[in-house]
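The report below describes a protein structure for computational work. Please read it alongside the sequence and the coordinates shown here.

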Amino acid sequence: MKIINAEQTRQLDQYTIENEPIASIDLMERASLRFSEWFSNKFSSQKTIKIFAGMGNNGGDGLAVARMLYQNRYKVEVYIIKYSDTGSIDFHKNEKRLSKLPIKIIRLDENSKHPELGEQDIIIDAIFGSGLNRPIRGFTACLIQHLNDSAALKVSIDIPSGLFCDNFNADENIFRADHTLSFQFPKLSFMLPQNHVYVGEWAIKDIGLHKEKIEHLPTSFFFIDQDYISSILKTRKKFDHKGTYGHALLVGGSYGKIGAVVLATKAALRSGAGLISARVPSFGYTILQSNVPEAMCITEQNEDENTHPPFDSFSSIGIGPGMGTDANAQSLFISILQQINFPIVVDADAINLIGKYPALMDLVPKGSILTPHPKEFERLTSGKYHNQYERLEVQREFAKEYEVTVLVKGAHSSIALPSGEVYFNSTGNSGMATGGSGDVLTGIITGLLAQSYRPEYATILGVYLHGLAGDFAAKEKSETAMIASDIINNLGEAYKTILS
Ligand SMILES: NC(=O)C1=CN([C@@H]2O[C@H](COP(=O)(O)OP(=O)(O)OC[C@H]3O[C@@H](n4cnc5c(N)ncnc54)[C@H](O)[C@@H]3O)[C@@H](O)[C@H]2O)[C@@H](O)CC1
Ligand SMILES: [K+]
């Protein structure tokens, strides 16, 4: 699914109005109806719904929603924020429609007292939407602070007032929603962890904007949905054999951290790769062999004896989990980089090594996949950014410059491709913020790479599968109690869901 910017949203609304065709007031009605249905399914009608409407089209939505919720038997009060003398045409049309109903409408300006709010209320924020083009000032800003301080549950229409759709707003005057319902597409700002305090839990509803126009809107940002995943997943054929699915090698482990390679190896197996080997320090041999009998094991011992297959004979290599950054780890990493010329997965301590010795990046084959968490990404790029919008740009530039895929892990993990496109993941939960979960992801992506997925697809599919398996694990064990192994154990469920 595309993520489009505020200006494109405006153009798409306009195009839909002219070419569906549909009157703008009817499009507003459709959007408001989607919101009201969603709201009515989710929130009790015992509470008083206090709707705060601005004077643009977001405010127009708010007034239409007030009418609809009243018709759904909610107790509704409306506050119009008079930050301007006139509002948008559709705002005024909805104001007129609302005035015919016995609903309390209070107009607020700089001389008004702040309304009383408490736990018995639900606030609906329809002050500003995607038309916001500068920080909120004056009494509207004070009002937003007052709303934020209240104990009422808070819900935003389309986007929390004060948040920009596509770029950073250093301002504090931003509504802090518990829930946001947005129209048609998520906004780029919803993808960034720093905005979670404003956006809360978010959902989107299709409001039937023009399909062909959507197809032609250029964008670099995408939200990964199941349709897309199903389109890239390969199905297995009757006469396939284990050679068809490649031979993946996982490299890592150090004293006390062999478990990281064990997890990555198991995950690579469950991802469907044909053969798996793990390369660990010799003291990890027994641990690996007894924990993952399906895998073969290489240590520096059989390496010296030249009895193991050369590194360039594998279909894919994932390097870094639990590896450490000492001289041994460093020379192993360099030696592998010098021997191979196909894309590999670079994770954890292998990324930290590049952070320490940036020249190593020149040895990383083009097409490779780097999977840092935010701290590792900071080390990799010396943290040349001040907020997550800037970080995203640094991530894109890095991917383009080195022609690699850069996956920064997080709630909506972002995957920057060498083409400059960025894909945000839609699966996963906070139960996955636990030791070993990143090692599992490295194993999955390495396993997919072995099965001849293009690096971009291996990453996108891997991240989605990992999150979906995590969601199944959370259902089974709870977000609190689930551990990384539960993600591996649920990869089968994740595959079945995508294939069904
Ligand atoms: N255009 C359409 O057909 C549709 C629009 N929809 C709604 O319309 C919203 C966008 O509406 P608008 O474009 O009218 O914009 P908003 O309602 O977000 O803002 C109203 C106006 O306020 C002004 N403004 C911007 N920043 C300000 C600031 N900091 N202080 C004071 N004034 C400021 C701008 O001139 C802006 O046009 C969407 O978020 C969505 O809720 C929906 O009804 C779906 C259909
Ligand atoms: K809003």
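Which residue meets the side chain of D121 in a salt bridge? The partner is K50, with an N to O distance of 3.3 Å. A salt bridge is here a side-chain nitrogen of Lys or Arg within 4 Å of a carboxyl oxygen of Asp or Glu.

This is a predicted model, in which local features need pLDDT of at least 70 and side-chain atom pairs count only at pLDDT 80 or more, whereas totals for chains, interfaces and linings use all residues. Residues are numbered from 1 along each chain as its sequence is written, chains are lettered from A and ligands numbered from 1 in the order in which they are written, and side-chain values use heavy atoms, with hydrogens and water left out.

## Salt bridges

The search of the whole structure finds 18 salt bridges. Helices (H or I, at least four residues) and strands (E, at least two) are DSSP runs, numbered from the N terminus. Burial is expressed as relative accessible area: buried means under 20%, exposed over 50%, and partly exposed in between (1.4 Å probe, protein chains only).

Three of these pairs are set out below.

| Pair | N to O distance | Citation |
|---|---|---|
| D121 and K50 | 3.3 Å | salt bridge |
| R97 and E29 | 3.4 Å | salt bridge |
| E300 and R279 | 3.9 Å | salt bridge |

In the salt bridge of D121 with K50, D121 belongs to strand β5 (residues 121-126) and K50 to strand β2 (residues 48-53), so that parts of the chain 71 residues apart are linked. Both D121 and K50 are buried.

For the salt bridge between R97 and E29, R97 is placed in helix α4 (residues 89-99) and E29 in helix α2, so the pair ties together parts that are 68 residues apart in sequence. R97 is partly exposed, at a relative accessible area of 32%, and E29 is also partly exposed, at 21%. A network of salt bridges links E29, R67 and R97.

The salt bridge of E300 with R279 joins helix α11 (residues 300-304), which holds E300, to strand β11 (residues 275-279), which holds R279; the two residues are 21 apart in sequence. E300 counts as partly exposed, at 31% relative accessibility, while R279 counts as buried, at 7%.

## Domains and their interface

The domain assignment, whose bounds come from an automatic or database source, divides the protein chain into domain 1 (2-219) and domain 2 (227-499). Taken over C-alpha atoms, the centres of domain 1 and domain 2 are separated by 41 Å. Contact, meaning heavy atoms within 4.5 Å, involves 14 residues of domain 1 and six residues of domain 2.

The size of an interface is often given as the accessible area lost when the parts come together. Buried area is that loss (1.4 Å probe), summed over both parts. Between domain 1 and domain 2 the buried area is about 970 Å², with carbon and sulfur atoms giving 66%. On the side of domain 1 that touches domain 2, nine residues are nonpolar, four polar and one charged. In this classification, Ala, Val, Leu, Ile, Met, Phe, Trp, Tyr, Cys and Pro count as nonpolar, Asp, Glu, Lys and Arg as charged, and the others, Gly among them, as polar. The rule finds zero salt bridges across the interface of domain 1 and domain 2.

## Helix α13 and residue S32

Helix α13 (residues 348-356) is mostly covered, with seven of its nine residues buried. The buried residues are A348, D349, A350, I351, N352, L353 and I354. They pack against β13 (316-319), α12 (327-339), β14 (345-346), β15 (369-370) and α14 (374-381).

In helix α2 lies S32, which counts as buried at 0% relative accessibility. Leaving aside neighbours within four places in sequence, S32 is in contact with D61, A64, V65 and M68.

## Backbone features

The peptide bond from E20 to P21 is cis, with omega near -15 degrees. P21 lies in the loop between α1 (6-19) and α2 (24-42).

Positive phi values in residues other than glycine occur at R73, near 70 degrees, and at D158, near 75 degrees. R73 is in the loop between α3 (57-71) and β3 (75-81) and counts as exposed, at 73% relative accessibility. D158 is in the loop between β6 (153-157) and β7 (179-183) and counts as buried, at 8% relative accessibility.

Note on methods
Buried area = accessible area lost by both parts, 1.4 Å probe.
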